[in-house]
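Thanks for sharing this one. Here are a few notes to read alongside the structure, starting with the ligand and then moving to one residue of interest.

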Amino acid sequence: MDETRDYFNSVAGQWDDMRRQFFGEGVRRAAIAAAQIAPGAVVADVGTGTGFLAEAALDAGARVIGIDASEGMLEQVRTRFSTRAFEARAGDVADLPLDSGSADAVVANMVLHHAVDPGRAIAEMARVLKPGGTLVITDADTHTHEWLRTEQHDRWLGFDRADIATWFRDAGLQDVSVSDTHELCSPSSECGTTAAITIFVARGQKPLTAHL
Ligand SMILES: C[S@@+](CC[C@H](N)C(=O)[O-])C[C@H]1O[C@@H](n2cnc3c(N)ncnc32)[C@H](O)[C@@H]1O
């Protein structure tokens with residue numbers, strides 16, 4: 001985790017440019033549409049980075065808590081949204097600095113492939129949802145670009161959509177769907193290879209009442 005944090009600290013100042021090369025607006029549109037954010041909603045953006053999803057949630061009228069493990073990213077995003085309904089918190093996706101049942105929606109773009117235990121991370125994000133709240137994750141489908149492990153500290157080479165759906169259901173979420181964002185993630189390697197990895201959007205809802 002420290003190596004991942006060091007990497008994101010080192011690229012925090014350039015992250016907006018890097019992100020624009022990696023993926024586009026379609027990912028953000030898909031994530032925010034799936035989250036169905038109402039004005040005044042409390043939204044947690046996990047692995048917020050410089051606030052790509054947070055910005056759209058703020059524009060939808062939400063109060064946003066952006067959580068990230070990188071101090072460098074948190075510094076950028078705090079400055080960026082200093083006049084908006086935004087709070088930045090240091091934390092890990094496996095142990096979020098949020099009370100249980102406190103968020104109307106949790107969104108996370110391109111963070112899950114950095115998590116040590118993705119199933120546990122999904123359960124942790126589900127924990128902080130209010131009853132009826134929505135979890136939305138956008139991330140890479142399974143791919144074979146091993147160089148992303150060394151060059152960008154990816155822990156997982158994407159995910160099988162069936163595994164994502166199982167982890168959502170195991171976390172107690174219902175109405176689970178995993179579909180296509182119709183966007184590609186296109187990072188380039190140091191030796192000149194450019195990947196073209198499809199990106200999914202996964203959505204699930206915390207039941208309004210606990211099953212007995
Ligand atoms: C690929 S970037 C995506 C940033 C942002 N979501 C976006 O779409 O631009 C991954 C982000 O997740 C953060 N991150 C990586 N591992 C994390 C973890 N275990 N817990 C919390 N944040 C993490 C990184 O510091 C980085 O800001």
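**Notes on the ligand site and Thr48**

1. In this predicted model, a polar backbone atom of Val93 lies 3.0 Å from a nitrogen atom of the ligand. Val93 is also listed among the closest of the 20 residues that surround the ligand.

2. Two acidic side chains deserve a look as well. For Asp92, an N or O atom of the side chain is 3.1 Å from a nitrogen atom of the ligand. For Asp68, a polar side-chain atom is placed 2.6 Å from an oxygen atom of the ligand.

3. How much of the ligand does the protein bury? Taken alone, the ligand exposes 590 Å², and 98% of that is buried by the protein. As for location, the ligand sits in the largest pocket.

4. Besides Val93 and Asp68, the closest residues around the ligand are Trp15, Gly47 and Asn109.

5. Now to Thr48, which you will find in the loop that runs between β1 (42-46) and α4 (52-59). Is Thr48 buried or exposed? Its relative accessibility is 5%, so Thr48 counts as buried, the cut-off for buried being under 20%.

6. The side chain of Thr48 has a polar partner: it makes a polar contact with the side chain of Asp45, at 2.7 Å.

7. Which residues does Thr48 touch, leaving out those up to four places away in sequence? They are Ala54, Gly66, Ile67, Asp68 and Val77. Asp68 links the two parts of this note: Thr48 touches Asp68, and Asp68 is among the residues closest to the ligand.

How values were computed. Residues are numbered from 1 along each chain as its sequence is written. This is a predicted model: local features need pLDDT of at least 70, side-chain atom pairs count only at pLDDT 80 or more; totals for chains, interfaces and linings use all residues. Side-chain values use heavy atoms; hydrogens and water are left out. Helices (H or I, at least four residues) and strands (E, at least two) are DSSP runs, numbered from the N terminus. Buried means under 20% relative accessible area, exposed over 50%, partly exposed in between (1.4 Å probe, protein chains only). A polar contact is a pair of N or O atoms within 3.5 Å; within protein, one must be able to donate a hydrogen and the other to accept it, and residues adjacent in sequence count only if both atoms are side-chain atoms. Contact means heavy atoms within 4.5 Å. A residue is near a molecule or strand if one of its heavy atoms lies within 4 Å of it. Accessible areas come from the Shrake-Rupley method with a 1.4 Å probe; for residues, only the protein chains shown count as cover. On a 1 Å grid over the protein atoms alone, a cavity is a set of points where a 1.4 Å probe fits but cannot get out, and a pocket is an open set with protein on both sides within 12 Å along at least five of seven lines; lining residues have an atom within 4 Å of a point. A molecule sits in a cavity or pocket if more than half of its atoms lie within 2 Å of its grid points.
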